[in-house]
Amino acid sequence: VVGFENPEIVESVLTDVITGGITHSSISVDAVNDLAVVKVVIKNRDLESILTRFMSTYFETIQEKMASGQELSEEEFNNLAKSLLNESLTNQATEEAYFVVDVVLKKIDGGWRIVMSSELLDALTGNYYSFHKRMSGE
């Protein structure tokens, strides 16, 4: 992948997301010399919605437990988070997102390489990239 400054995010997120039912179809291809642009429609799980719902459920559950006087250890907080996140990610009714993206390919050393963009990264990660940037204050 060319042109993305933090490959760790790409690697970790794509490993989890790509196995979650991502599909794509090409709309058009334009190529000139060593550069090509493929317009694609990508369908993916909407991780932004899933994570937003997870966070809301997590904090509501914590508030309920605290309001009832129940104290949670750090391990119990972590286990609750893992359980709710797993439930959110494995829910078959999760929302889908559709993205129309220009995928830029550049010929490097005789092979075609994807030039990563934030739009493509959002499509591949189901809006996780933008969600993460907003949550981290970028």
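These are my notebook entries on a predicted protein model, from the overall layout down to single residues.

**Entry 1: Getting my bearings**

I began by asking how many helices and strands the protein has. I found 5 helices and 4 strands. Read along the sequence, they follow the pattern α-β-β-α-α-β-β-α-α. I then looked up burial and noted that buried residues make up 33% of the 138 residues. The protein exposes about 9000 Å², and carbon and sulfur atoms supply 51% of that area. I also checked contacts between residues at least 6 apart in sequence: 67% of them join residues at least 24 apart.

**Entry 2: How confident is the model?**

As this model is predicted, I looked at its confidence values next. The mean pLDDT of the protein is 81, and 83% of the residues reach 70 or more. Which element has the lowest mean pLDDT, and which the highest? Helix H1 (residues 7-17) is at the bottom with 50, while strand S3 (residues 96-108) is at the top with 92. I made a note about residues 1-7, where pLDDT stays under 50. For that stretch the model has 13 contacts beyond four places in sequence.

**Entry 3: Following the strands**

I traced the strand pairs one after another. Strand S1 (residues 23-32) pairs with S2 in the antiparallel sense over 9 bridges. S1 and S2 form a hairpin with 2 residues between them, and Asn33 in the turn has a positive phi of about 55°. Beside that turn I found Val32, whose bridge partner in S2 is Leu35.

Leu35 came up again when I moved on to the next pair, as this residue stands opposite Lys106 in S3. S2 and S3 run antiparallel and are joined by 11 bridges.

The last pair I followed was S3 with S4, also antiparallel, joined by 5 bridges. Here Leu105 stands opposite Ile114 in S4. This hairpin has 2 residues between the strands as well, and Asp109 takes a positive phi near 50°.

**Entry 4: Looking for the core**

I remembered a general point from class: in soluble globular proteins, nonpolar side chains tend to be buried together. So which residues have the most contacts inside the largest nonpolar core? They are Val40, Ile42, Val101, Val103 and Leu120, in a core of 15 residues. The elements that give two or more residues to this core are strand S2 (35-45), S3 and helix H4 (118-124). S3 gives the most, with 5 residues. Apart from this core lies another, of 6 residues, among them Phe54, Leu80, Ala81 and Leu84.

I picked Val103 for a closer look. Leaving aside neighbours within four places in sequence, Val103 is in contact with Ala36, Val37, Val38, Val40, Ile114 and Leu120. I also looked up Val115, which lies in strand S4 (residues 111-115). The C-alpha atoms of Val115 and Val103 are separated by 7.4 Å, with their positions 12 residues apart along the chain. Is Val115 buried, partly exposed or exposed? Val115 counts as partly exposed because its relative accessibility is 24%, and buried would need under 20%.

**Entry 5: Aromatic rings in H2**

The structure holds 2 aromatic pairs. One of them is Phe54 with Tyr58, which is stacked, at 5.8 Å centre to centre and 25° between the planes. Both residues lie in helix H2 (residues 47-67), 4 residues apart, about one turn of the helix. Phe54 counts as buried because its relative accessible area is 11%. Tyr58 is buried too, at 12%. Together with Phe59, Phe54 and Tyr58 form one aromatic cluster.

**Entry 6: Around H4 and H5**

I finished with the end of the chain. Ser118 has its place in helix H4 and is partly exposed, with a relative accessible area of 33%. The C-alpha atoms of Ser118 and Ser130 are separated by 8.1 Å, and the two residues are 12 apart along the chain.

Where is Asn127? I found this residue in the loop between H4 and helix H5 (128-135). At 16% relative accessibility, Asn127 counts as buried. Not counting residues up to four places away in sequence, Asn127 touches Asp46, Glu48, Phe99 and Asp122.

Methods:
Residues numbered from 1 in each chain as written. Predicted model: local features only at pLDDT ≥ 70, side-chain atom pairs only at ≥ 80, totals over all residues. Heavy atoms only, no water. Buried < 20%, exposed > 50% of the residue type's maximum accessible area, 1.4 Å probe, protein only. pLDDT = per-residue confidence, 0-100. Contact = heavy atoms within 4.5 Å. Phe/Tyr/Trp six-rings, centres within 6.5 Å; stacked < 30°, edge-to-face > 60°. Core = buried A, V, L, I, M, F, W, Y, C linked by side-chain atoms within 4.5 Å. Pairing = 2+ DSSP bridges. Areas by Shrake-Rupley, 256 points an atom, 1.4 Å probe, with all protein chains shown as cover.
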